[in-house]
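Student: Got a minute to go through this model with me? I'd like to start with a single residue and work outwards.

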Amino acid sequence: MTLPELITALEAAEGPSEQLDAEISHFLHEEDFGRLDENRPSTGWHPSTPAYTASLDAALTLVRNGFSWEVGQDITFYISAIVCGHDVHASAEGKTPALALSVAALKARASAAARELGIEL
């Protein structure tokens, strides 16, 4: 799954997913956001895999140090998240706060990495 495919899958997710948690973990351990379109197989879910899609605390670990974040919900139960820092601004919607923050944090990480590599997203 490529990072854009992962982001799309997270945006479409109806709730927590151990498979998506495993995909997120795989990208974080690769620490190579420079190859954003590369299809890399995940090693699958493991009991130590953080529940990024279920836990706001786990999703918060996806936000890079020095970046700010916000998660909100309006009266219509519309959930959104914003992650900003170092000329990077990423926003996302999700069915849960953890999903919205996971997507926004991954978008921000990808954008920051692309800027560092001189790649236009």
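Student: What is Leu10 in contact with, leaving aside neighbours within four places in sequence?
Tutor: This is a predicted model, to begin with. In it, Leu10 contacts Leu20, Ile24, Thr53, Leu99, Val103 and Leu106.

Student: OK, helices next. How do the axes of H1 and H4 cross?
Tutor: At roughly 160 degrees, and the axes come within 9 Å. H1 covers residues 3-12 and H4 covers residues 97-117. Angles over 145 degrees count as roughly antiparallel, so H1 is roughly antiparallel to H4. The crossing is left-handed.

Student: Which residues make that contact?
Tutor: From H1, Leu3, Leu6, Ile7, Leu10 and Glu11. From H4, Leu99, Val103, Leu106, Lys107 and Ala110.

Student: How do they divide into nonpolar, polar and charged?
Tutor: 8 are nonpolar, 2 are charged and none is polar.

Student: And the largest nonpolar core? Which residues have the most contacts inside it?
Tutor: Leu6, Leu10, Ile24, Phe67 and Val83. The core has 32 residues. Elements giving two or more residues are H1, H2, H3, H4 and strands S2 (79-85) and S3 (88-93).

Student: Which element gives the most to this core?
Tutor: H4, with 11 residues.

Student: Switching topic. Where does Thr49 lie?
Tutor: Thr49 is in the loop between helix H2 (18-30) and helix H3 (56-60).

Student: Is Thr49 buried or exposed?
Tutor: Buried, because its relative accessibility is 12% and the cut-off is under 20%.

Student: What does Thr49 touch, not counting residues up to four places away in sequence?
Tutor: Asp21, Ala22 and Ser25.

Methods. Residues are numbered from 1 along each chain as its sequence is written. This is a predicted model: local features need pLDDT of at least 70, side-chain atom pairs count only at pLDDT 80 or more; totals for chains, interfaces and linings use all residues. Side-chain values use heavy atoms; hydrogens and water are left out. Axes are lines fitted to C-alpha atoms, for helices over the stretch in contact, and angles run from 0 to 180 degrees between N-to-C directions. Helices (H or I, at least four residues) and strands (E, at least two) are DSSP runs, numbered from the N terminus. Angles under 35 degrees count as roughly parallel, over 145 as roughly antiparallel, 65 to 115 as roughly perpendicular and the rest as oblique. A crossing is left-handed if the near helix is turned anticlockwise from the far one by less than a right angle, and right-handed if clockwise. Contact means heavy atoms within 4.5 Å. Ala, Val, Leu, Ile, Met, Phe, Trp, Tyr, Cys and Pro count as nonpolar, Asp, Glu, Lys and Arg as charged, and the others, Gly among them, as polar. Buried means under 20% relative accessible area, exposed over 50%, partly exposed in between (1.4 Å probe, protein chains only). A nonpolar core is a set of buried Ala, Val, Leu, Ile, Met, Phe, Trp, Tyr and Cys residues joined through side-chain atoms within 4.5 Å.
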